[in-house]
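Open the model in your viewer and keep the selection box handy. We'll hop from one contact to the next.

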Amino acid sequence: MLMARAHLAKVQPKKAALDDESVEKVEIDTTDLATRELNDRLRDLMLAGTKEAVLRNVCGQRYIGTRLYSPEHRKMEIEIFGTPGNDLGAFLFGHKIIVHGNAQDGVGNTMDAGEIVIEGRAGDVLGFSMRGGKIFVRDSVGYRTALHMKEYEDKIPVLVIGGTSQDFLGEYMAGGIVILLGLGGKPHNGNFMGTGMHGGIIYLRGTVEKTQVGGQVEISPLDEEDREIVEHYISEFIERFPGLSLEKEQILKDEWIRLSPKSKRPYGKLYAY
Amino acid sequence: MKSFVFPEFQIIRDEEKCGQCRGCERQCAFGTHTYDPVLDRLVSDNYKCAGCQRCAIFCPKGAIEVRPTQSFYRPNASWSREKLEDLKKQAETGGVILTGCGNDKPFRIYWDHIVLNASQVTNPSIDPLREPMELRTFLGAKPDFMDVKTNKGDVEIETKLGPNLMVETPILFSAMSYGAISYNAFRSLATAACSSGTFFNTGEGGLPKEMRGEFGKCAIVQVASGRFGIDAEYLNCAAAVEIKVGQGAKPGIGGHLPGEKVSAAVAATRMIPMGTDAISPAPHHDIYSIEDLSMLIYALKEATNYEKPVSVKIAAVHNFAAIASGIVRAGADIIAIDGLRGGTGAAPKVIRDNVGIPIELAISSLDRRLRNEGIRNRASIIAAGGIRCSADVIKAIALGADAVYIGSAALIAMGCNLCQKCYTGKCKQGICTQDPRLSGRLNVEIASQRLSNLIHAWSHEISEMLGGMGINALESLRGNRDHLRGVGLYEWELDVMGIKGAGE
Amino acid sequence: MPRKRRELYNKEICACSIFGAMNRDGERFSGAGVMKAVANMHVRGNGLGGGFAAYGIYPDYKDYYAFHLMFTGNIEEAKRSAKQDFDAFLCGNFDVVFDEEIPHGDETTVSDPPLVWRYFVSPHKQGDETLLSDEDYVVKKVMWVNTKIENAYVFSSGKNMGCFKGVGYPEEIGEYFMLDRLYRAYTWTVHGRFPTNTQAWWGGAHPFSLLDTTVVHNGEISSYGTNRWYLEMYGYACTLQTDTEVIAYAADLLLRRQNLPIEIAAKILAPPIWNSIDRMNEKEKKLLTALRMVYGPLLMNGPFSIIIGQTGKMIGLTDRIRLRPLTAATRGAMFYLSSEEASIRLISPELDSVWTPNGGEPVVSELKNMRMVKDEIIRLS
């Protein structure tokens, strides 16, 4: 049968534990590990105090990083070689995940805190209902990105995308910051951007037509405060993707626009009372 | 634009009895009554009156009568007054008519056409005052059979049992979000649920941080399309997680909490700007097919370490049994179905009154469908949508549900009169409002006492009826359609519910 | 006293995984790779249906129509009897060159298998029917069998291609029909199913096919009732109780009978919204308005991503707001379509390009020797 069989994980501690808090870097070959088994192992590692985990040959396993809620707010770094499956880092509670490759749909679904870095492209529904933490994507992303993203006071999620996004970016956005760098020369062709947007902000390097954005969205140039924010996150983006050899000043020099909601109540006039 | 509609209610004040205490002015949330110092009289603006009866109840002299105005349009069976005046309101505003509470139209109420059995002579009834009546039940997935290992008299269970909720009585509080209802009302529901051995549902507004420690263990937390207030801690402090796909009052369309009701505290819990409309989009924008739902169910199970049952709430609509069957196969442990009469804080009237099917027909068809497929054990069914009394609860369970959710009934216990103005945020009782002046009227201790009383009273009545049928444990009633008969129903209705006609 | 219950037609909901692989040089490969790929998306299905379409598998009989039949029934008797009825019909309408049971593995590994048989035939027309083209003739006869002969279903009817499907996970069906050992094809499409109707039956699995058009589909067609009434006017009978059937027949109607290019057919099945159309230039606006006006009933509403297979072609298409996922990828001469990228990576870790096509825009790959002008992937806008 072609069903996945349980695989014995190869655990290789790189150095001995110095104290009760073990600081090992553990490697797992995930060939033939089903989603549940892989996440079982990751949770065991977290509870044992492991700080870094390296997953190799990942192919389609889902919810990596989701099972790692701990009331003590433990933190881990997870490196993934391969293609993780859907819902990577769903409900992420403060960990860091680095993907050396492309990711699929649902990355950072309802993510609360932590960081996800993707050295490639991501699929649909990236950062859906994201409420904290940061996601950096080197290339482009699919549909319905940052849908219903939220923020509260100083808990503001940030999403930085190196390329472009397809339709429905920032639908129902209620908070948070999305930055699209448009690197690689492709124009922003997505439609229905910011439909139902009532909070948060999208910064876009390049231009879009008015017909591409929802009726509730205002297109405006960046002001001083915006420039500071954008500059800050571009620096962080460059740090995470040194291979791109980007020049911060070069990127900032180009034309930038800001998409923001016209009002907090985009649907206020819809009803008869 | 001049409005062409009549006021819905009129105030009739007995001037002789009225002592001008101005109590009615203070009590009214809509500003209907005002004191005119020149005339030294209370004057009322009928157009503002919502018919909630608060002033009539609170008037110390009993001087106020609030009654629906009669309309003297020419009688017309097709163009009722309501249809006529709703149309005019739309012509005046160009907007969608909003309303609250549940469907008030005269669709057939099947509960009132079903009668129960009582045992006599051949199978004796049980006296609940003498023997224990067991209403406890478990909600969640159950294995088809259990492997046990015996070792010298010691029995060990081999099969891993999935997580289940234990309820002492099959009545749970339906999902009503903090935001749609006030903090006091929300807290009352939580308090009553914990003290009565049952559960409350947080609805899509999240669970405020200060309540998690004490009430998390009785809470079913919701993950709705707006994903408000969801973080790993919220999911893990609860007893169960429910994915809200739809609700009976407004199947197929989303939820809308008007900005008036998004106060600072609501905004904090939901993580959206204060004063903004909280929009829950119609579909979950990451669920467009059953395997997406399966993906979310397992994401939640992962996020809660497989320790909590995951429930999916859907509205009962035409093809829902097939959908529900798919949802069970997708991994849900509990299916909550909400029928045509389900209530809401705000919905377009045309959707509330026209979309969905009655829950009575839905329960039976779902129970039977799951049994035919051999997967009935994999999920429990909770039915909701217009449960009004303990007899309705019994009938629901006999038709195949494991438990029921009560929404409107719980609000009525706290003082609601179904005036259907919840969407204005001006609930006179302090239930569906964020205005502190109004919500302060609802005393948490008293309101939770009233809710506990309700659960207690209904549970007792259920025990009595069970005993009458010769049953002393709720499990023996579930899906036991033999104890039901229909009166005044068409053959197809009897077929759908799977019950015989009275006398057969 | 039992009551007779009225039966109305049931419509299955199709949630699932889809996968397609094509070698544009026409080199044929075994089914092992795609079986592995779809097994990787195991969680998207629930074991109640799986199927494959393969092109180029019968080079020795490439001029004959390869009918794949399933004979169902609760007992052996019913299956044999259905086969007898079908054989009698076949001999009266076709010349049969060769027929045999489709080889398969141990029957205990799958659930309640029907008798599955293949026939290589050519049309034997008589009377008025000599006026029909070969293909119309075959369609007419196939519809007749599927509606009139009880327990017999033609589930594949093209030349030099065939479908293999049944109740089980797709990888199990692949093993049952030994697709990794017995067949080599230049295009494979696969489907893993998650139906929500109890009576999962072998005929209800994907792909759905007519002549050499096959469709695997992920999603639900909410416009099924409308699509069905329209297609029935053109002689298509929707007997397999699954919404995907209408896509196969719509593809046959538009691409074969009305000879419309795929770009236009895609605009019929997944047209842009009126807001977008109103903003286009005059020529495009006129065309799209006319298409929507005439072919409105064929608009496929509801989330879908589909892979349509035809001789020498593989087409991927999603609904106009891309509610279901579809990833496309290339590596040398290979072209892949999949619900999830990871499955493609499993069989081809290195890829030349990976992208997710826009909603409503078809992705077409063709055998190089078919199109002289362009020999790369055509992405249409």
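Select E340(C) and R62(A): these two form a salt bridge, with the closest N and O atoms 2.9 Å apart. (A salt bridge here is a side-chain nitrogen of Lys or Arg within 4 Å of a carboxyl oxygen of Asp or Glu.) Bear in mind that this is a predicted model, where local features need pLDDT of at least 70 and side-chain atom pairs count only at pLDDT 80 or more, while totals for chains, interfaces and linings use all residues. Residues are numbered from 1 along each chain as written, chains are lettered from A and ligands numbered from 1 in the order written, and side-chain values use heavy atoms, leaving out hydrogens and water.

Now show the whole border between chain A and chain C. It has 2 salt bridges and 13 residue pairs in polar contact, both residues at pLDDT 80 or more. (A polar contact is a pair of N or O atoms within 3.5 Å; within protein, one must be able to donate a hydrogen and the other to accept it, and residues adjacent in sequence count only if both atoms are side-chain atoms.) Here 21 residues of chain A are in contact with 26 residues of chain C, contact meaning heavy atoms within 4.5 Å.

Next, swing round to chain B and pick E302(B) with R67(A). That pair makes a salt bridge too, its closest N and O atoms being 2.8 Å apart. Then colour α1 (35–47) and β12 (271–272) of chain A, each of which supplies at least two residues to the side touching chain B. α1(A) gives the most, with 4 residues. (Helices are DSSP runs of H or I, at least four residues, and strands are runs of E, at least two, numbered from the N terminus.) Chain A and chain B bury about 4,000 Å² between them, 61% of it on carbon and sulfur atoms. (Buried area is the accessible area, with a 1.4 Å probe, that two parts lose on being put together, summed over both.)

Last stop: chain C in cartoon view. Find the open antiparallel sheet of 4 strands, in the order β5-β6-β4-β7. (Strands pair if DSSP finds at least two bridges between them.) β5 (94–101) and β7 (152–159) of chain C each have a single partner strand, so one side of each lacks a neighbour in the sheet. Click V96(C) and you'll find its bridge partner in β6(C), V121(C). Then select helix α2 (residues 76–93) of chain C, which packs on the sheet and touches β4 (65–71), β5, β6 and β7 of that chain.

Methods
Axes fitted to C-alpha atoms, helices over the stretch in contact; angles between N-to-C directions.
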